[in-house]
Every structure is written in structure tokens, then in C-alpha cells.
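I opened this notebook to record what I looked up in the structure. The entries follow the order in which I consulted it.

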Amino acid sequence: MIDFAAISCRFLCSVAEVPQDMWNALAGPQPFLRHEFLQALEESGSVGGHCGWQAEPLAVYRGAELAALVPVYRKTHSYGEYVFDWSWAHAYEAAGLHYYPKLVVAVPYTPVSGPRVLCGPKQCPTDIMQAAAHALRTRAAATGASSVHWLFTDAACSETLAGAGFSRRTGFQFHWHNDRWTSFDDYLAALSAPKRKNIRRERRQVADAGVRYVVYEGLALRESLWDAFYDLYRATIAKYGAIAYLTRDFFSRIGASVPGVVLILGYTAATPVAGALFFRDEKTLYGRYWGGLAPLSGLHFETCYYQAIDYCLAHGIERFEAGAQGAHKLSRGFLPTPTYSMHWLDHPQFQRAVDDFLAQENAGLEIVLNELNEHTPFRKPS
């Protein structure tokens, strides 16, 4: 039983209502959870306004002490989440009900697993997480939100939320892990011969086309570089008919304030033809956005994957998370890694239907993961 008398919760209108140093003391090492990143999304217009993401962060207090923060957003659509619930929304609408708005605990446009109840370096107490879950359900019921969704939760949060009545949905991504390799050739030697040959061919195609890469970090992130990258980002989004969630101003803001920003640009002569934006902490490199102009075979793989692996090897980084989806990553040394999200719907009949759906989906996914793990690109032990 939770002593709710000792714990209180308050919903805010912006991360700016919490001082930056207080937020970051609870956020942990991931750059996306930092005050500067979340505030850049708000102040650049990438969330808020008519974007369909309205910030409603939750502050949790134990007595008078700020014990935890939760990045909460009120959503009027399901874009930019990378956990797809469009079929649930359509079922609601078919029944004459409204699925939107809904409450989402997430970092907008960022499919990276991590803590969602931010409590600092120590393990978040169970009663604090349960109190946050209770506050979100109460908020949903009081404000007409159909449901509460926690996206890309870490293992501890997922277990606690399951015990608090949330339903688990399992997905997966492909992550690269550094097995103490000292160079790219050392890494390639661990792969099977066909995979090794293919990667060398892809890298050679880009090099033979005269593309050279430059890594920019920290004070080197000038506005002219952001102009070049934003042009690449927008061109690629337009090519695939996607949505440009992020404004140009967002990139200036994160470049000036968020630690761990890594921008890699590829040039032919002095012209940028490809670029990828990454974030890092001490152990992990996170691939987020990319763009390319040259119709060159292998350009995407070189820019987004091989240059990033080179960076990890040079800096002793243990893991590279290259983003959502992409089975093509498996043959390039990225292994399947489960991800989790937790869901609660206020309508009991739809909650039961979603539970049935998730039971089937999760069982099927376990089979897929087993099959993928049987076909890794690495050489079998002799």
C-alpha cells in the first residue's frame, strides 16, 4: 500500500518550471532526458502549439523534497512515437469513441530506452514510480484522455508498471556492441566472410566517389554546419514523404546547450553531400537523424553506421544504438535487442482487447527474436 499522504504529484506546463540544475540532477546520463534537450524542443516549436505534443511534465514530491520528474506529453495523434497504436485509435473511432487526446511518457521523436521516472543516480523507489503511475491514470480520467502510454521504458520501470496494472508491449531494435575491438578491421575480422566482403565493398564505393568525412563536436558546431545539415535532413525527409518534426532552431539550441552532440558530415570537394547527427554519453552513442543528397550506393550505410562505428572504436564507446527498425542492420553487425512500452486504457472493454492483442503480438515477437539471433553475421566458433 502506497502512503499517498507522504507523496504528492503536480503536473506542470513546461520543463522550464523546473530549474535546469534540479532537473539534470534527476535526469541521469542520457542527453535526451536533460533539461536542455527537452526545453530546446519546446522553445524551438518542435513540440507545443499545433504540433500535437503538449508538455505536461509531472513533478513527484516526498514531503517537501522533489523526488522525481516524469516527461509527460498530451498527444492529439500518434506521430513521432515509434510505438505504433494507430489500429487502437481506429478501433476507438469505429466504436464512436475518442482515442485522442492520450497521455504519453516519452522523449518526443526519440526511440531510445531509458528511465521514465527520473530519480537521479540511485534506483527509483517503487512507491515513487507507483505514485507517478497513479497520478497519470487520475489525470487521464479527469481531463478526458483515453489512455496512458509509457514508451521505451527500461527494465525496472517496466516491471513496476506491470505490477501497477499496465500492459507490456515488446518490440526490438538493432544495437551494435563493442567487443573490445581496437579498429574497424579488427571488428570486420569477427564477421563472417560474406558480410565482411560486403561492408568493405560498400565503404570502398563511397571512398572511390571522393566522399570524405569530418566529425564536429562541442565548440566546432557552428551555425553554418547546422545550415548544411538541416538542408540534408529536409531533403531526405522530402524524398521519402516523411514529416519534418524538428525546426531549424532546434538544432541551433541543442548545439549550443546539450552535451554529447556529435555531427558527422560527408563532403565531395567542399560541398556537404551527407550528414548524420548523433548524441553520446560515456557508454553509448545514439544515432538520431541523417540526410544525403548524392545518389550514391552505400552512402547511407557509411554515413549512419560505419562512420559511427569508427567513432565508437576511437573513443572506447561500448554500444551504438542506431535508431528504430531496420533489419538491414543485422548483416552489418547490429544485434536484436528487446524494447518495452507500457499501456493503460481507461475503457475496460478496449483494455481487454488490447491485452489479447499484445499476448499474441508478444508471442510472435519472441519467435522472430529467436530466429534473428540464430542468423547473426558473426563467425561461428570453430
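Before I noted any packing angle, I fixed my terms: axes are lines fitted to C-alpha atoms, for helices over the stretch in contact, and angles run from 0 to 180 degrees between N-to-C directions. I also kept in mind that this is a predicted model.

Entry on α5 and the sheet. I found that helix α5 lies across β7, β8 and β14, and that its direction is at about 30° to β14. I then looked up helix α8 (residues 223-240), which packs on the sheet and touches β9, β10, β11 and β12. The direction of α8 makes about 70° with that of β12.

Entry on the interior of α5. I asked which residues of α5 (residues 155-163) are buried. I noted Cys-157, Ser-158, Thr-160 and Leu-161. Their cover includes α4 (126-143), β7 (147-151), β8 (167-177) and β14 (335-345). Just after α5, Gly-165 has a positive phi of about 100°.

Entry on the sheet order. I traced an open sheet of eleven strands with mixed pairing, in the order β2-β5-β6-β7-β14-β8-β13-β12-β11-β10-β9. I asked why one side of β2 (53-55) and of β9 (211-217) lacks a neighbour in the sheet. Both stand at the edges, and each has a single partner strand, so one side is left free of a neighbour there. The twist from one strand to the next averages 30°.

Entry on one strand pair. I looked up β10 (residues 261-268) and β11 (residues 271-280), which run antiparallel and are joined by eight bridges. Within β11, Pro-272 stands opposite Tyr-267.

Notes. Residues numbered from 1 in each chain as written. Predicted model: local features only at pLDDT ≥ 70, side-chain atom pairs only at ≥ 80, totals over all residues. Heavy atoms only, no water. Buried < 20%, exposed > 50% of the residue type's maximum accessible area, 1.4 Å probe, protein only. Helix = DSSP H or I, 4+ residues; strand = E, 2+ residues; numbered from the N terminus. Contact = heavy atoms within 4.5 Å. Pairing = 2+ DSSP bridges.
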